[in-house]
Amino acid sequence: MRHGKYPFIIGFLAVPVALYAIFVVAAYIQTFQLSVTSWSGFGPIKYVGMANFEKLWNDELFWKSLRHNGYLLLLLPIVTIALALFFSFLLNVGGGTRGGVTRGIWGSKVYRVIFFFPQLMALAIVAVIFGRVFSSDKSGMLNGLLPASWDPWLLMADERWALTCILVVLVWQSVGFYVVLFSAGMGSIGEEIYEAADLDGAGKITLFFKITLPLLWNTIQTGWIYLGIAAFDAFALVNIMTVDRGGPDGATSVLAMMIYRNTFEYSQVGYASALGVVLFFLTLTFAALTLRVTRRDAV
Amino acid sequence: MSHITNSELDRRSLLRRAAAVGLAATPAVGMLSACVGGGSEEPAKQATGTKSADNPLGLDPKAPVEIVIFDGGLGTKYATDVDTPIYKKKWPESEVKFSATQEIATVVQPRLNAGDAPDMINNSGAKMMDFGAIVAAGQAQDLTDLFAAPSFDVPGKTVAETLVPGAVEWGSYNGKPYAVNYSYTVFGLWYNATLFEKNSWTVPTTWADFIALCDKIKAAGIVPFGYAGNNAAYYMVRALLTSAGKIGTEQVLKDIDNLKPGAWTAPAVLEAAKAWGEVGNKYLDKSFLGLKHTEVQLRQNQDKLAFYPCGSWLENEQAKDTPPTFKYAVAAYPSVTTSDKLGAAAINAAAGEIYFASSKGKNPRGGMEYLRVMLSKEAAKEFTNLTKSLTVVTGAAEGVELSPGLTSANEALNKAGKEAFMGYLFDTWYKKLNDESLSAVNDLMFKGGDAQKFCDRMEAASQAVAKDSTVQKQTRS
């Protein structure tokens, strides 16, 4: 049957590869091409060499946006993974061992479903809802909890806290998925390992750090990369939730927001493409670095 | 099968693929603009006819014409029920292909680039196209012939002569008209006439009166002045620059539009920024920075906010939230100094809502004729009737029963007389500068009111645009 192998494989791959080549690879190549032009989005293209990248280097908002992406990149994976590990540990192992079977805390099956709910909601809806939660006046959910005589917290309207509000929503939205992912990972850790550790007198904390965490490492690594990529995006939340889209005064601007504005509002597709190219290399570097740094020998 | 069971290899390549999926966000730029670099080729064959007194634009009476209307606050009824029937009555053999969309750029921009342009386009809404870029790319039809043609239903006058002063200039780029700005919007301080009557508050004409009244309003437990910082800061930019225009005439605003060095640091702008910055410091509710325009407008409807800077579309926009006792009225911005060059009644009224004929379409002459129909007195009157907004056609609102707000706007216009001025265009010409002005004005009004900082920051941004060779420049005089 070997002679039938290639037609078989080609038959399966032709359509997806063609789709990928047209809608992803070709678009990438075009983005690279456009990044060295001054194209406005209309009419003929003029090549300008590296001028867009030079402009970018001197653009204050670019560095500001980059810092904001960096902030999210640093905190989003750490906070999300820490919370998700904590919850999934409680859901799976937190109840201790009974009759030789480790189990989660009481009601863990229900919690597992509830944790997943945020993942089911479209990001745009999440953004609108949290816009109400963080509203800067008394009609906001958080401010509504304050005593009537207090001045409202400005939250999204305060440049010191606006980006943190975005981070909170991102974490809230993603934690559920990683709880499920880590739960699945924990489920595949053998009972006998926990049992053995239990017999040796390990407490819950020791169980977590000596057994669960090392055996879950590969899953965590995957999660880290996904979350990092999400931190490079954050466009939908910034676009819908923030004051003046990326404000107040640029306090929540991110690269994706800049790309959108330059393309669709400032008619500077060339410049936006240059930003896109930078984002491409940043994401690639991040993924490669994460894979390298977190590499571990198999346990 | 060994390559499948090698799980370590498998997992790592899976991770790499995961990373690649995340990267898919980037090429969206190239994808969404579609048909990159199009529009440079020769246009398709265009329909023309012979010019005559009856057919001043020389269109082909049999050629179909395609129009695209923005389906927003103005609706589409004025096009389908008024303009098209009038057009069809005159040109029964020309088919009118009508479509409406809420996303003009998404629908029309790829078609412009692909050389398949509709003939007449209403460029408006949140997804409007950058019109300066369209003109620069040669996609918009020169409308000189249209404005020089005889009016559709006012005998003895050209189209241009039937319009309010400045209407043609408003759609001109480097001296040539490319757009019809159809609606006419009066900007000022909007308030509830009933509330003011009840408290016997009188509308201020000087800044001292304005401040004194704000104190009284504040004492009554109402926020004296406010706007939505979240998405409507441009109302505040307009208020500030209108004051600057009143202090130093429209020339101040022309300098700003022309990116003249020192335009933003001119004494008139600084004076206006100082005056408004003080209002921001004392009378603005700081939490408004996080609110959207609908939320702030609702507060005004609930009499929790006295003055709101806006345009005359406000009444129509709020129609369903306005209680029956609430009567919209508009006041001109008070004079900032006693030596203002324009009078206290001077008002900013601007033409807006761009309609243009595409130069690369199949029937640009038909598109222009459709515009001529829109600019007829009959069509304009019906437009005001249907949409509750004024048009640039002079006297077209006569005989239309106007709402309280629109009546007030009309009165304010009459009071201003020759001192009604169009204002500025930099916000549509240079979107980036516009965005900077939104951030800067929010900073001024909500975060301390440093007028000098506002001026310096805008000056720097304006000069950065002036030096950027990739931005197409416009001038006005």
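Helices and strands are here DSSP runs, of at least four residues for a helix and at least two for a strand, numbered from the N terminus. Counted in this way, chain B of this predicted model holds 21 helices and 12 strands.

As a whole, chain B has a radius of gyration of 25 Å, which is close to the 23 Å that the globule rule gives for 477 residues, and the chain is therefore as compact as a globular protein of that length. Its C-alpha trace spans about 80 × 75 × 45 Å along the principal axes, and buried residues account for 52% of the 477 residues. When contacts in chain B between residues at least 6 apart in sequence are considered, 77% of them join residues at least 24 apart.

One pairing of helices can be followed in detail. Helix α13 of chain B, residues 267-283, and helix α20 of chain B, residues 431-446, have axes that come within 7 Å and cross at roughly 55 degrees, which means that α13(B) lies oblique to α20(B). On the side of α13(B) the contact is made by Ala273(B), Trp276(B), Gly277(B) and Gly280(B), while α20(B) contributes Leu444(B), Met445(B) and Phe446(B). Of the residues in this contact, 5 are nonpolar and 2 are polar, with no charged residue among them.

As for confidence, the mean pLDDT of chain B is 85, and 91% of its residues reach 70 or more. Over residues 1-35 of chain B, however, the pLDDT is below 50, although this stretch has 47 contacts in the model beyond near neighbours in sequence. For the complex, the predictor gives an ipTM of 0.79 and a pTM of 0.79.

Note on methods
Residues numbered from 1 in each chain as written. Chains lettered and ligands numbered in written order. Predicted model: local features only at pLDDT ≥ 70, side-chain atom pairs only at ≥ 80, totals over all residues. Axes fitted to C-alpha atoms, helices over the stretch in contact; angles between N-to-C directions. Parallel < 35°, antiparallel > 145°, perpendicular 65-115°, else oblique. Contact = placed C-beta atoms within 7 Å. Nonpolar A, V, L, I, M, F, W, Y, C, P; charged D, E, K, R; others polar. Rg over C-alpha atoms; globule rule 2.2 N^0.38 Å. Buried ≥ 20, exposed ≤ 12 C-beta atoms within 10 Å, placed from the backbone. pLDDT = per-residue confidence, 0-100.
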